[in-house]
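Good morning, everyone; please take a moment with the next slide, and then I will walk through one strand and its surroundings.

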Amino acid sequence: MNANPMNSTKPLVAILMGSASDWPQLKDAAATLSRFGVPYEVHVLSAHRTPVEAVEFARAAEERGLKVLIAAAGGAAHLAGALAAHSTLPVLGIPLASTSLNGLDALFSTAQMPPGIPVGTLAIGPWGATNAALLAVQILALGDPDLKRRLHEHKASMRARTLEADAKLHQELTCPGA
Ligand code: RP5
């Protein structure tokens, strides 16, 4: 997979995954970036199967105009750390549930980076995918007031939905069957 879904604009974020089999767990990252209008590109790139290409990608990323790298892997999850070793861009790591250890192994591999090479590690699987994209938007919003405004709208709409759910639950509990 090698795609720029919004190729009219230069990608600011790259979503990288160790295998095409990871994509179903990552779709929410792409959907979230699209929702905020952030141009992104998607690649399969493995720290183990394409180690040379992974290093080349990380080394060229900043010069190509990318601002944030999102890296996901499930088995012996070294992709985020390998990219972070070769770039000073922020790297957000998503551990994936691809092995019989259900992602706990990938969580440890992604999070336990030695001091000096940080990887911002999110939750395992689709929750992490959504939050990695949101964190990327928040990083980009530091220099983009329009994106900042959209983040405020996003939080306001979550708040409204939660308060509505609270009111509905209270009504059901106080007037059952009404
Ligand atoms: C990891 O190994 C990939 O990120 C994937 O989660 C896992 C298995 O890959 P496939 O054998 O499905 O290609 O490197």
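Let me begin with a term: a crossover is called right-handed if, with the strands pointing away from the viewer, the path from the first strand over the helix to the second runs clockwise. Helices (H or I, at least four residues) and strands (E, at least two) are DSSP runs, numbered from the N terminus. What you see is a predicted model, in which local features need pLDDT of at least 70 and side-chain atom pairs count only at pLDDT 80 or more, while totals for chains, interfaces and linings use all residues. Residues are numbered from 1 along each chain as its sequence is written, and side-chain values use heavy atoms, with hydrogens and water left out.

The chain has six helices and six strands, and I will concentrate on S5. Strand S4 (residues 68-73), helix H3 (residues 79-84) and S5 form a right-handed β-α-β unit. From S5 the chain then crosses through helix H4 (residues 104-111) to S6, again as a right-handed β-α-β crossover.

As for pairing, which requires at least two DSSP bridges between two strands, S4 and S5 are parallel over five bridges, with Pro95 of S5 as the bridge partner of Ala73. S5 and S6 (residues 120-121) also run parallel, joined by two bridges, and Thr121 in S6 is the bridge partner of Gly93.

Is S5, then, buried or exposed? Five of the five residues of S5 (residues 91-95) are buried (under 20% relative accessible area, 1.4 Å probe, protein chains only; exposed is over 50%, partly exposed in between), so the strand is largely enclosed by the rest of the structure. Both faces are covered, with Val91, Gly93 and Pro95 buried on one side and Leu92 and Ile94 on the other.
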